[in-house]
Amino acid sequence: MAYEDLRSFIAVLEAEGELLRIPIEVDWEYELGGWIRKSVDMRPKGPALLFENIKGYSPEQRVFSCGVDSYPRFALALGLPKTTHPREIIDVFRERLKKPISPTIVGTGPVKENILIGRDVDLYRFPVPIFSPRDGGRYIGTWCGIISKSPDSRTANSGMYRVMVHDRTSAGIGFLPFSHLGYHYSLSERANKPLELAIVIGADEVVSMVAAMGFPHDRDEMHYAGALREAPVKLVKCETVDLEVPANAEIVIEGVLLPRQRRPEGPFSEHTGYHGGPVRMRPIFQVTAILHRNDPISRVCMSGKPSNESHSLTSISFSSAALDMFDRHGPPGVTSVFCPPEGDPAARLELKPVDLDCRRNREQQRRSGELNAVPALGGSPRGRRREQAGDRGQRRIGGRRECHALCLRPRPQRENADDPGDCGCNQAVEEDRARAEDRRGAGSQAHREQHAGDGPVAGSAAQQGETCLRRALGRGRFGHSWLGRAREHGRCHSAP
Ligand SMILES: Cc1cc2nc3c(=O)[nH]c(=O)nc-3n(C[C@H](O)[C@H](O)[C@H](O)COP(=O)(O)O)c2cc1C
Ligand SMILES: [Mn+2]
């Protein structure tokens, strides 16, 4: 079943008891991040969150998060029953991706209900959060598809890259040089030409899923979004750039990436759970138009310590891609691959019960590439390689043999310090914030002045989350049980 838009998915989440509406006032500065962190840290997972009352914004401006932060919700996003086993989600995901479906161009769509050009352009009209005290600014793009066309072939690309607001009309985009946007930008910059972009926020979840996946550079991700929803994605032409965007998206920001100009961007909490590096000089995105639906819903993802919805996504997409890789290139005998979200990036393989005693044959498997292949699924080459629990030989599970979990963690000892109890994370938050301040100082004064979010922080995001949770007591469907689980969980939640 294909969703028309994000709203119809949210309606399904609500009907399935997977959504918490938050009618009380929530501050976009840290507090919203505290709520999200709390939900993703629940075991079992807390609900998807729809913020309906953001401080300083009208009730028409809503924020939605955690849409696919659990396997049941991921299954629902694909139109599957929420009880679908992760193994089956991976199989369906993989099978669907084998049949790309071209998008269709339609005349108009809800995204064009409001078209803002010229002086009406203002990125702050949306309740853009600053998630954590260490973040470099307010991030408007955290779960988005950024569309560009290759300057040579004109093939469209959608990629998920973070977007930090600089001011009303410009933003910094944190794409890596080897990403497809990086490639497009390098070509346009060489020609000293601006590169047209459209940032899509709040489309059908499958659009975000494919934007975060690595397809070959000559493929348009929108065909794979069609594959996942088993129906074409409907696109409309943009107003000020020569690009097409999903007709039912909540918000689209059009503009150009300027050549040969940079401004500081970051730092931002990364999927490993750390702030990945210092402030960097990044290209500037100059906004030319904003399109949005009436009562737009900003879709956000708070990146950070595993596991959150970015890890649910990579858990499914890496597992699916890895199994494809083994199918195509061998070695034979791999029947399933599972990359757990908590072990980002890690993989557990299941092998046919042939002559594979892992303990005895480890060297042999290593030589054949069977084990070495696993880190290639997403590990950082700079990460310290570490074979974790599970790397103790084989076990029999339901008649299958499970073989080796390999894991790459940059600083595992620090993560282990985050045990239940007094983990000292508040102190760590403060220390890291101070370091971020220093780094920012090393950026530019102009950059410092951009950030209304700078300055003393009244409590960490973790404390904010606790407070919010108490305030939610009894107000939502998740009220009591949610708090009960929080107590049981009994741990302090650091900002990522
Ligand atoms: C939540 C989330 C945030 C991401 N942020 C970035 C980012 O800021 N920069 C980046 O280069 N990749 C980021 N990625 C990874 C890219 O989306 C991924 O590499 C994707 O393949 C990029 O698209 P492309 O292959 O078309 O370049 C992010 C992924 C997720 C799930
Ligand atoms: Mn791509």
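**Architecture of the predicted model**

Helix α2 is mostly covered, with 11 of its 11 residues buried. These buried positions of α2 are Glu-31, Leu-32, Gly-33, Gly-34, Trp-35, Ile-36, Arg-37, Lys-38, Ser-39, Val-40 and Asp-41. The description given here refers to a predicted model. Within helix α2 lies Gly-34, and Gly-34 counts as buried because 27 other C-beta atoms lie within 10 Å, where 20 or more are required. Gly-34 also has a partner remote in sequence, since Ser-132 is 98 residues away along the chain and 8.2 Å away in space, C-alpha to C-alpha.

For the chain as a whole, the secondary structure comes to 14 helices and 21 strands. Buried residues account for 48% of the 496 residues, and, of the contacts with a separation of 6 or more, 72% are made by residues 24 or more positions apart. The pLDDT averages 78 over the chain, and 69% of the residues score at least 70. Two stretches call for caution: pLDDT stays under 50 over residues 353-361, for which the model has 14 contacts beyond four places in sequence, and pLDDT likewise stays under 50 over residues 370-430, for which the model has 100 such contacts.

Helix α2 is associated with an open sheet of 4 strands, in which the order is β1-β2-β3-β16 and the pairing is mixed. Its edges are formed by β1 (19-22) and β16 (297-299), each of which pairs on one side only, and the twist from one strand to the next averages 20°. Inside this sheet, strand β2 (residues 48-51) pairs with strand β3 (residues 62-65) in the antiparallel sense over 3 bridges, and Leu-49 stands opposite Ser-65 in β3. Two helices pack on the sheet. Helix α1 (residues 6-15) touches β1, β2, β3 and β16, and its direction makes about 105° with that of β1. Helix α2 (residues 31-41) touches β1, β2 and β3, its direction making about 160° with that of β2.

A further open sheet consists of 3 strands in the order β4-β12-β13, again with mixed pairing. Strands β4 (104-105) and β13 (244-246) are the edge strands, each pairing on one side only. Strand β12 (residues 234-237) is joined to β13 by 3 bridges, and the two run antiparallel; the bridge partner of Lys-237 in β13 is Glu-244.

Antiparallel pairing also involves strand β10. Strand β9 (residues 163-167) and strand β10 (residues 170-173) run antiparallel and are joined by 4 bridges, forming a hairpin with 2 residues between them. Val-163 has Ile-173 in β10 as its bridge partner. In addition, β10 is joined by 3 bridges to strand β15 (residues 280-292), with which it runs antiparallel, and here Gly-172 stands opposite Ile-284 in β15.

Helix α7 (residues 221-229) is largely enclosed by the rest of the structure, because 8 of its 9 residues are buried. The buried residues of α7 are Glu-221, Met-222, Tyr-224, Ala-225, Gly-226, Ala-227, Leu-228 and Arg-229, a set that includes charged as well as nonpolar side chains. Among the elements that cover these buried residues of α7 are α4 (86-97), β8 and α6 (205-211). Helix α7 is followed by Glu-230, whose phi is positive, near 55°.

Strand β8 also contributes to the surroundings of ligand 1. Of the 19 residues around this ligand, those that come nearest are Gly-159, Met-160, Arg-162, Ser-179 and His-180. Two or more residues of the shell are given by each of β8 (156-159), α5 (180-190) and α8 (309-329). By residue class, the shell around ligand 1 divides into 10 nonpolar, 8 polar and 1 charged.

Terms used:
Residues numbered from 1 in each chain as written. Chains lettered and ligands numbered in written order. Predicted model: local features only at pLDDT ≥ 70, side-chain atom pairs only at ≥ 80, totals over all residues. Pairing = 2+ DSSP bridges. Axes fitted to C-alpha atoms, helices over the stretch in contact; angles between N-to-C directions. Contact = placed C-beta atoms within 7 Å. pLDDT = per-residue confidence, 0-100. Near = placed C-beta within 6 Å. Buried ≥ 20, exposed ≤ 12 C-beta atoms within 10 Å, placed from the backbone.
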